[in-house]
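Please walk me through how the strands of this protein are arranged and how the metal site relates to them. A plain account in a few paragraphs will do.

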Amino acid sequence: MDQMDQMDQKKTIMHIEDNFDNRMLIRRLLQSDGYDVLEAENATNALKILQTTRPDLILMDINMPDIDGYTLTNYLKNQETTANIPILAITANVMRGDREKTFAAGCDGYIEKPIDIDDFLERIAWYTRRAD
Ligand code: MN
C-alpha cells in the first residue's frame, strides 16, 4: 500500500480486559495516538464482537473472571477467522514462567504492567504495521 492509503487507514485495536480503569488508560493512550479502540470486558463479550469484526491487533488481559487470557488466546489462534490477528498479552503477572506461558498459548508478545507509555506505543505501531 502507498503512503496515502496508510495515512487514511486507521488501525483498530481490541482490548480485552475486565478492569475499567485499565481499559480507560489504554483507550486514552491509543486514541490519542490515532487508533480506533474496541473494548471487551470479558472473554464472552470478546468472542461475540469477533464474530463480526476483525481488529488489526488484540491486547489481551490474562486474569479475567470468565475465561483466562491464555485459554482465550489459544482458542482464537486455533480459529480460522482469528488465527492471523496478532495478540499481545498485558499482565501484571511477573512470575518466572509467565512469559513462556503466554507464548505457549500463542501470544505474539508480552507487555508487563505497569505500562511504559513510550515503549507501549512503539510496540503497538510495530505489531499493527506487521498486520498489513
Ligand atoms: Mn484482569
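Ile-16 stands opposite Met-60 in β3, and β3 runs parallel to β1, joined to it by four bridges. Strands count as paired if DSSP finds at least two bridges between them. Helices (H or I, at least four residues) and strands (E, at least two) are DSSP runs numbered from the N terminus. Met-60 also stands opposite Ala-89 in β4; β3 and β4 (residues 87-91) pair in the parallel sense, again over four bridges. From β3 the chain crosses through α4 to β4 in a right-handed β-α-β crossover, meaning that, with the strands pointing away from the viewer, the path from the first strand over the helix to the second runs clockwise.

The model is predicted: local features need pLDDT of at least 70, side-chain atom pairs count only at pLDDT 80 or more, and totals for chains, interfaces and linings use all residues. Residues are numbered from 1 along each chain as its sequence is written, and side-chain values use heavy atoms, with hydrogens and water left out.

In a regular strand, side chains alternate between the two faces of the sheet. Leu-57, Leu-59 and Asp-61 point one way from β3, and Ile-58 and Met-60 the other. Five of the five residues of β3 are buried (under 20% relative accessible area, 1.4 Å probe, protein chains only; exposed is over 50%, partly exposed in between), so β3 is largely enclosed by the rest of the structure.

Asp-61 is also a protein donor of the manganese ion, together with Asp-18 (OD) and Asn-63 (O), at 2.1 to 2.2 Å. Donors are N, O and S atoms within 2.8 Å of the metal (3.2 Å for Na, K and Ca); water is not among the atoms, so sites may look incomplete. Asp-18 lies in the loop between β1 (12-16) and α2 (20-32), and Asn-63 in the loop between β3 (57-61) and α4 (69-77), so the pair ties together parts 45 residues apart in sequence. Asp-18 is partly exposed at 35% relative accessibility, as is Asn-63 at 45%.
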